[in-house]
Amino acid sequence: MKFCFGDIVVVDDGNIGVVVKSWINQKDNSHTYEVYVRLAQDIREYEESEIERYMVRHKYLSEEEMEWQYNAVHGM
């Protein structure tokens, strides 16, 4: 799974949310997530392809943080 509980994500063309539940569909091995979307004040369901990881952009990242962020995005 690419995302886990507590990950901050971007959904619906720019809305920020937090992953609150994730599971794998046993029939087709797809990943599904429930995300609390702040502006909607609602929990919504998304497929993995509909979610982007929120990337830290407001501070200098150390080498370790850059490596973690790269691995998080590229599934390593």
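## A guided tour of the chain

The chain exposes about 5700 Å², and carbon and sulfur atoms supply 50% of that area. Please keep in mind throughout that this is a predicted model.

**The whole chain.** Begin with the C-alpha trace, which spans about 40 × 30 × 20 Å along its principal axes. Of the 76 residues in the chain, 26% are buried. Among the contacts with a separation of 6 or more, 28% are between residues 24 or more positions apart. Switch next to a cartoon representation: one helix and five strands appear. Followed from the N terminus, the elements run β-β-β-β-β-α.

**The sheet.** Select the five strands together. They form an open sheet in the order 4-3-2-1-5, with antiparallel pairing. The edges are strand 4 (42–47) and strand 5, each of which pairs on one side only. As a general point, the strands of a sheet pair through backbone hydrogen bonds, either parallel or antiparallel.

**Strands 1 and 2.** Narrow the selection to strand 1 and to strand 2, residues 15–24; four bridges join these two antiparallel strands. Two of the bridge partners in strand 2 are convenient to mark: Val10 is matched with Ile16, and Ile8 with Val18. Now move to the turn of this hairpin, where three residues lie between the strands. Asp12, in that turn, has a positive phi of about 50°.

**Strands 2 and 3.** Keep strand 2 selected and add strand 3. Here the antiparallel pairing extends over seven bridges. Select Lys21 and look across to strand 3, where Glu34 is the bridge partner. These two strands also form a hairpin, with six residues between them; Asn29 in the turn has a positive phi of about 60°.

**Lys21 and Trp23.** Return to Lys21 and display its side chain together with that of Trp23. The charged end of Lys21 sits over the ring of Trp23, at 5.1 Å from the ring centre.

**The aromatic pair.** Which residues should be selected to see edge-to-face rings? With ring centres required to lie within 6.5 Å, the count comes to one aromatic pair. Its members are Phe3 and Tyr33, whose ring centres are 5.4 Å apart; their planes meet at 85°, so the pair is edge-to-face. The pair links distant parts of the chain, 30 residues apart: Phe3 belongs to the segment before strand 1 (8–11), and Tyr33 to strand 3 (residues 31–37). Both residues are buried.

**Arg53.** For the last stop, select Arg53 in strand 5 (residues 52–53). Is this residue buried or exposed? Its relative accessible area is 12%, and Arg53 is therefore buried, the cut-off for that term being under 20%. Display the side chain and follow its polar partners. One is the backbone oxygen of Lys2, which the side chain of Arg53 reaches at 2.6 Å. Another is the side chain of Asp7, with which the side chain of Arg53 makes a polar contact at 3.3 Å. Finally, show the surroundings of Arg53. Neighbours within four places in sequence aside, Arg53 is in contact with Lys2, Phe3, Asp7, Ile8, Ala72 and Val73. Two of these names have appeared at earlier stops: Phe3 is a member of the aromatic pair, and Ile8 has Val18 as its bridge partner in strand 2.

Note on methods: Residues numbered from 1 in each chain as written. Predicted model: local features only at pLDDT ≥ 70, side-chain atom pairs only at ≥ 80, totals over all residues. Heavy atoms only, no water. Phe/Tyr/Trp six-rings, centres within 6.5 Å; stacked < 30°, edge-to-face > 60°. Buried < 20%, exposed > 50% of the residue type's maximum accessible area, 1.4 Å probe, protein only. Lys NZ or Arg CZ within 6 Å of the ring centre and 35° of its normal. Polar contact = N/O pair within 3.5 Å; in protein donor to acceptor, adjacent residues only side chain to side chain. Contact = heavy atoms within 4.5 Å. Pairing = 2+ DSSP bridges. Areas by Shrake-Rupley, 256 points an atom, 1.4 Å probe, with all protein chains shown as cover.
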